[in-house]
Every structure is written in C-alpha cells, then in structure tokens.
Amino acid sequence: MVKVSNSGSYYKDGRFGAPPPGVTPGAARENTLAYQILRAHAVNGDPRRMMIKFDALASHDITYVGVVQTARASGLDAFPVPYVLTNCHNSLCAVGGTINADDHAFGLSAAKRYGGEFVPAHLAVIHQYMRERYAASGRMILASDSHTRYGAFGTLAIGEGGPELVKQLLGRAYELTPPPVWAVRLTGAPRPGVGPQDVALALIAAVFPKGLVKNCVLEFVGDGIARLDMDYRNGIDVMTTETTCLSSVWQTDGVVRDWLSLHGRADAYRPLSPDGAYYDGLIDIDLSKVEPMIALPFHPSNAFTIREFNSGAGDILRAAEREAAALWGLKEAPNLTAGLENGRLRVQQGFIGGCAGGLYGNIRAASAILERGRLGDDIFELSVYPSSQPMLLELTRDGTIAKLIEAGAVVRTAFCGPCFGAGDVPVNKGLSIRHATRNFPNREGSKPGSGQTAYVALMDARSIAATSARGGLLTAADELDNLPVEDCKYSFDDAPYRQRVFSAVGRPDKNAALRFGPGISDWPEQIALPDDIELTVTAVLNDAVTTTDELIPSGETSSFRSNPEHLAEFTLSRRAPDYVGLCKDVRELERGRRAAGGGGFGLGSAVVARKPGDGSAREQAASCQRVLGGLANVASEYATRRYRSNLINWGILPFIVDDFDAAPWETGGILRIPGVRGAVAGGAESVGAVYITAGGAEHAVTLRLPGLSAEEREVLLAGCLINHYRN
C-alpha cells in the first residue's frame, strides 16, 4: 500500500529521480509548492528563519477567549486580518451552567469590537467552515487547532497554540525555520468500500512510528489525485496532523476549481503544480492497494487492515489490553477480547462526524451501505454529525438524512465534541469505532479516576456503516457485495450562513463593549525568569510519547478553559493525580519567599517527560503548568513544534537532556540551575545543573536549549508572551 524512501528525490515532468547535473537540492527545493507559498508570505529576507504573515486566522470556542484575552493584555487594537471565531467545541452548554454560552457571547462581542467573524454554535465545525469560506490556492491560514489542514485547496495551513495567533493579531510574524518537504505520490484509484480514512491510516502507520516527517511539509502529487473528489482529498489531508508533520499542500486541478466555484469563490482557485522540485523524502501510495483499515488504541498509527485484524483479533486485542494496563497502572485492563464472537469482534458504538468523518461524501456512502442491514435494538448505536449546516441542508434535501434515520442512526448538528470526549461517551469497558481524528487514551470521555475505562478504534465511515448494518459486528466495507457507486456531487446553499453568521471583518467598532461571564477571567500575573532557579520535579512521565490530552484532559474540562486557575486544577489529573497539590505547595513557598524579600533561588516546578506534546495545539497543556508555578519541562525531545512553542510562549524553559535515562528522575527530586537567566540572555544553548534525588544523591546534568530565536529568549526572560509584549 505505502512505500517510503527517506532519501532525496527530484520531481520533473511528473517523474521522480536524481537531480540532473548542476541542480542543487537547496535551489530545487524552492520549486516545491510549499516553498513557493512560504516565500510569498515571508516578510523578511532571511532564508534561514522566515517571518510569516498569514492571510486569515481561526479559533473555536475552547481557544478564542484565551487568545483574545492574551491579545488584549498585550495591546490589541483591532484584528488586522480576517479572524474567524467558530463555536463547535463547547456547544452543549452542559457543564458549569452558563459558562459555554457566556464564552459564545464574549466571542460575538469580540468580533464586533475588533472586527472579526463569528459563527454561532452548531452551524459548522471550524475546519469545514474554513474550507467553505476561506481556503484558497496559494493562501496561508493559521488556526488554534491542531487539525488545521486545507492543503487540498493549495492552502498551506498550520495549527498552533493561541499565543502564535496573538502574535499575528498584534502585527508580529510567525517564526519558521525552513522545513523539510516530503512528497506524497498518489497513484491508482481507490477500490469500492475504501475511503479517505483508510488511506490516511495507512499513511500514518507508515511514517509516524519512525518519526520520519516530524515538522515537515507533506506535498501531495501524482495522477491518483485526479481520481479523488474534494471530500476524499480533505478526508486524507486533515489526518496528516497525526503524522506530526507541520502542514500539507496538494497540487490543484479542475476538481478544486469546480468545488470553489460551487461555493461562490471561483476567484479563490489557482492552478498549482510543482516542477523541477527537490523533496527530502518520497512516500508512494498506490490507492488501488489500500484496504479498509482499523487503528486500535491508543494512536492512529496503531493500524491494521481489517482483514488482518479479523484473522488475528485475539492477539491484537490482548496487546491493546496490555498497553492499557501499563498506561493506567492496572493489574489487568478491561477485557477487550470479551467482545469476540467466533473470532469476530462486536463493538458497542459508532460515530461519523467532525472535520474528518462528517463530510458529505462519507455520509452519502455510509447511508447507501446502511441500506443493506439494520442497527438492531441491542446496545450498539450510531451517531452521524454532518460538519456544516449547509451540508446538512443538502443531505436533507437529497433524502440521505431520511435514509440514515430509517436505518436507526441518530443524526445531529455540527459539533466536534465526540472527537475529544465531550459527547457520545461510550459505555464503560466499551469500544467505539469512529471516523474521527484521534483515539488517544480517554479521548472518548471516560474518567479512569472514577473507575471508568473505554476504548476508541478509528475506521472509515464506509466500514463503520458496514459494521452498523450488522448490528455492531466488526465488518470491512469491502466484505459486502455490489457496493453502490459513490456520488459526491451536491449543491451548496449558504442560506444558514447568510442568516446567522456575523461578520465585521475590517470594520471594528471600538465602542462595542466586551461581554464577560463569571467564568471568564484574566491570566494571572507571571514573574520574569529569576537569575537562579530551584525546580521540584512534580511529575515524571516515562511513556514513549505523552499527549496533550494527558497533560490537560479534554472532554468536559474544556468548558473551563476561559478560567485559567479553574482549568489548572485538572492538569495531569489522569496521569499524576498528586501533581496539582505538589505544584501548589512549591508555588506557596515561592510566594512566601518573594513576600519576605526574595533572595536565593527562585522556586518552581518541573515536568520530566520522555517525549511530551503529541496531539492537540492547545496552549493550555503548557499554560496550566505555568499557572501552577511550572518553570520548565525536561525531555529527551518534544513530540511537536507547537507544544515546544507553547512552553516558550508561557515562559516555561523547554530543556532537553541527551541521555534521558542517565539521571534517576523521580517525583520530589530537585533541579538546581544557577545562572539560568544569564545563560538564556547570553545566547547559551546549554546550562549546567545539579539534580538531587529525594534520597539526597547528587547528579550533574547538562540541560540543553537548542535553537532558541532571539525573540523566544526574550519571551522566556520576560516570563511569558504577555509580559514580553507589555514590556
């Protein structure tokens, strides 16, 4: 299905090979689509560190309050570019009384005051709205959500934490070291029953375990693209986030032109095709060989063909059980194999929705397959969430919604909640199959602290529909005979947007008052980096990779993201329940020390984690640590650029140790780092420290700070981005 080569390759006239004599990789890399777009958006001339200005910004209702509050504290006057505020995450208003609705009212008032665009709840998920309204060939878009990917339109889109949007709102630029670019060549055509999620999972499984494309741009080329409609392309593209790449971009064609014309934006199209371009690696995907896939807990890369899975389900499920037991510290994990019936697995729930699954083509295909059977009246249930109200309108008009309801599915409005644990939480010890973005631990909303555990497996809508038609018995779509020919042609009626979306882009009203609710609070004051620091290790995470969902859980806790102190109470609650209390103890000691006049080491806490930061762009994975007095992370490496950026923007030192296992890291250990402020100010890339175990043994440690820019050092010295801009 997928072949990977991490040696460089030259692309000319539709063929890959070695660069011809006289052509250097550096010069030819400029001919990639990625570099053409990046150079067009760079506002400086330094080829080693580009300063990027974006064409548009977007946030949803988990992140926009924090972004606006940070920008306000830093001197915001008006939104300088279109800034879209969607309401697709905290849309249930089911936690904390009025706090979700209060956030929405704040967002609308901010759009009025600063000149933004406000999309009311249930009208669209953030990425579908940006596809329909803002994605365009050659553009760049920045959004505070990790699945910001509009590459199929020829848009280079990046998901980052809120502070990076703040920089854009204040007229600053996005600093970017020129990234490697990998080509993804698509050939052939998908087989009946194979959908975009199957292609995406095959891609992720091929590259993520080896870290091959981390912080790279994936550039899609090849004659296979022409055989994919836009929904299919978007479904693959949005999942590239799970490879840990920085962004993605596709060559464009008449399919893109026609889609944009259908949406009233013909002028947004431009033909884009690389030629004479050098790529740092090549991924070949023969679409005709891709099979229906399933990704078992706890990562999209833990993928198998459903054929493989069904032939060895017992062994595969027992491996997942062992991983769960180790992750949660249990003697034995919930028994997944209990769901086997004559070697086939029966699941309890299905979900199709969000920015990956809730697309018109996926829902039409699922509806046609569901006509083959019935969900039945047992525990299995299926929910379908179209990703925008115009899409739901068309699915209603063409009869698809009626067919889904007749088959027993429950159809809901646009909402991202099930993707991150704020809706459709499965039964305890249950397995949910989802055409969604992630299957991280507890991402489905269960609470291990309350004795709850559940699992998510990722599948394509087509195989979810085939499974649903058999009452939850896991079935690949290609097991069915005479699958219907898929038809993704539809009409687009933007009446729901014309009726409800508020837009004042370019027309700020400085007399409009911001509307605050009781759950919205300012960021607490943070101190500048002391000359010397003493850090108490308050959590040690030895996992191969630690996700942002583990650092600050998603689900219902997301409703508290407008209140930094309240949200911080949930930090690491599913992995290190003592963390918050330990941090507060250190924070009180530091406050007492400062009240007494200071002197000596500045006191703070530190998280030690092997490879933290995979997953969401949420800045709160870092800011919550800072609110609790955190001053540093110590890691072997950081899983994503965006998590490291979030640490820096919140004044947390992103230390790296080359031999992570050399020191006996333990909760309660002490790191003494004299002269740290001078080292950061002086441009040093390492600083000496002494690590003292709880038993008193001392170990010399070298803590590295590689690749910090001048502005990043200034932010760390100031204590956080807000302080930096305020100064």
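This passage goes through the open and enclosed spaces of a predicted model, and then turns to a strand trio, the cysteines and one exposed loop residue.

Pockets come first. The largest pocket has a volume of about 790 Å³, and 36 residues make up its lining. Nearest its centre sit Asp 229 and a run of neighbours, Val 485, Glu 486, Asp 487 and Cys 488. Four helices, α8 (230-238), α9 (254-262), α13 (360-370) and α15 (400-407), each give two or more residues to the lining of this pocket, and α13 takes the largest share with six residues. Sorted by class, the lining of the largest pocket comes out as 17 nonpolar, 13 charged and six polar residues.

The second largest pocket has about 530 Å³ of volume and is lined by 25 residues. Thr 177, Asn 215, Arg 641, Arg 644 and Gly 707 are the ones that lie nearest its centre. Here α6 (162-169), β10 (174-176) and α23 each bring at least two residues to the lining, with α23 giving the most, five residues. The class split for the second largest pocket is ten nonpolar, nine charged and six polar residues.

Then there is the enclosed space. Seven cavities of 30 Å³ or more turn up in the structure. The largest cavity holds about 240 Å³ of space, and of its 23 lining residues, His 60, His 89, Asp 145, Phe 420 and Arg 443 are the closest to its centre. Both α5 (126-133) and α16 (417-420) supply at least two residues of that lining. By class, the lining of the largest cavity has eleven polar residues, seven nonpolar and five charged.

The second largest cavity holds about 70 Å³ of space. Its lining includes Arg 149, Asn 215, Cys 245 and the stretch Thr 640, Arg 641 and Arg 642. Two elements, β9 (156-159) and α23 (641-649), give two or more residues to this lining. Four polar, four charged and three nonpolar residues line the second largest cavity. Asn 215 and Arg 641 are worth a second look, as they line this cavity and also lie among the residues nearest the centre of the second largest pocket.

On the strand side, β21 (residues 381-385) is mostly covered, with four of its five residues buried. Strand β20 (residues 349-353) pairs with β21 in the parallel sense over five bridges, and Ser 383 of β21 is the bridge partner of Phe 351. β21 also runs parallel to β22 (residues 410-411), joined by two bridges; in one of the pairs, Val 384 is partnered by Val 411 of β22.

As for the cysteines, the whole structure contains zero disulfides. Cys 88 is not bonded because its sulfur is 3.8 Å from the closest cysteine sulfur, that of Cys 416, which is too far. Cys 216 is in no disulfide either, and the nearest cysteine sulfur, in Cys 245, is 8.0 Å away. Both residues are out of sight: Cys 88 is buried with a relative accessible area of 0%, and Cys 216 is buried with 3%.

Finally, Arg 48 lies in the loop between α2 (33-41) and β4 (50-52). This arginine counts as exposed because its relative accessible area is 66%, over the 50% cut-off. Leaving aside residues up to four places away in sequence, Arg 48 touches Thr 177 and Pro 178. Arg 48 and Pro 178 are 130 residues apart in sequence, yet their C-alpha atoms are 6.3 Å apart in space. Thr 177, the other partner of Arg 48, is one of the residues nearest the centre of the second largest pocket.

Methods. Residues numbered from 1 in each chain as written. Predicted model: local features only at pLDDT ≥ 70, side-chain atom pairs only at ≥ 80, totals over all residues. Heavy atoms only, no water. 1 Å grid on protein atoms, 1.4 Å probe; cavity = no way out; pocket = protein on both sides within 12 Å on 5 of 7 lines; lining within 4 Å. Points joined across faces, edges and corners; volume = space filled by probe spheres on them. Nonpolar A, V, L, I, M, F, W, Y, C, P; charged D, E, K, R; others polar. Buried < 20%, exposed > 50% of the residue type's maximum accessible area, 1.4 Å probe, protein only. Contact = heavy atoms within 4.5 Å. Pairing = 2+ DSSP bridges. Disulfide = S-S within 2.5 Å.
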